[in-house]
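Got a minute to go through some ring pairs and a serine? Have a look at the model first.

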Amino acid sequence: MKPGIHPDYHPIVFRDRAADFAFLTKSTMTSAQTIEWEDGNTYPVVDVEISSASHPFWTGKSRLVDTAGRVEKFRARYGERTRPNAGN
């Protein structure tokens with residue numbers, strides 16, 4: 001790799017608090033929070049809302065997701081628009 005043009009690539013822990021699941025990987029993400037990992041080293045930690053441990057596709061369980069707030073935000077931003085009549 002060419003020196004000086006790539007972001008810092010380092011070990012980091014991603015933690016899914018909903019599923020009480022965490023994994024250590026490498027990333028360019030940074031965080032001010034740290035966690036002591038199983039190997040005794042301290043790593044930056046990033047909390048995520050969903051991971052393979054809590055995602056319905058991987059767990060086979062349905063999960064209630066609040067989409068009403070998203071729809072209302074969309075309508076507030078773009079308003080109610082009518083579609084042109086097709087073929088009339």
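Here are some questions and answers on this predicted model.

Q: How many aromatic pairs are there?
A: Two rings go down as a pair if their centres lie within 6.5 Å. Going by that rule, the count is three.

Q: Stacked, edge-to-face or tilted: what is the pair formed by phenylalanine 74 and tyrosine 78?
A: The ring centres of phenylalanine 74 and tyrosine 78 sit 4.9 Å apart, with 45° between the planes. Stacked needs under 30 degrees and edge-to-face needs over 60. That makes this pair tilted.

Q: About how far apart along helix α2 are phenylalanine 74 and tyrosine 78?
A: Helix α2 covers residues 68-78, and these two are four residues apart in it. So the separation is about one helical turn.

Q: Which of Phe74 and Tyr78 counts as exposed?
A: The bar for exposed is over 50% relative accessible area. Tyr78 comes in at 36%, so it's partly exposed. At 51%, the residue that counts as exposed is Phe74.

Q: Which residues form one aromatic cluster?
A: Look to the phenylalanines for this one. The cluster's members are Phe14, Phe21 and Phe23.

Q: Is serine 27 buried or exposed?
A: Ser27 belongs to strand β2, residues 21-27. Leaving aside neighbours within four places in sequence, its contacts are Asp8, Tyr9, His10, Ile12 and Phe14. Its relative accessibility is 12%, and the cut-off is under 20%, so Ser27 counts as buried.

Q: Which backbone nitrogen does the side chain of serine 27 reach?
A: The partner atom lies 3.0 Å from the Ser27 side chain. That backbone nitrogen belongs to methionine 29.

Terms used:
Residues are numbered from 1 along each chain as its sequence is written. This is a predicted model: local features need pLDDT of at least 70, side-chain atom pairs count only at pLDDT 80 or more; totals for chains, interfaces and linings use all residues. Side-chain values use heavy atoms; hydrogens and water are left out. Rings of Phe, Tyr and Trp (its six-membered ring) pair if their centres lie within 6.5 Å; planes under 30 degrees apart count as stacked, over 60 as edge-to-face and the rest as tilted. Buried means under 20% relative accessible area, exposed over 50%, partly exposed in between (1.4 Å probe, protein chains only). A polar contact is a pair of N or O atoms within 3.5 Å; within protein, one must be able to donate a hydrogen and the other to accept it, and residues adjacent in sequence count only if both atoms are side-chain atoms. Contact means heavy atoms within 4.5 Å.
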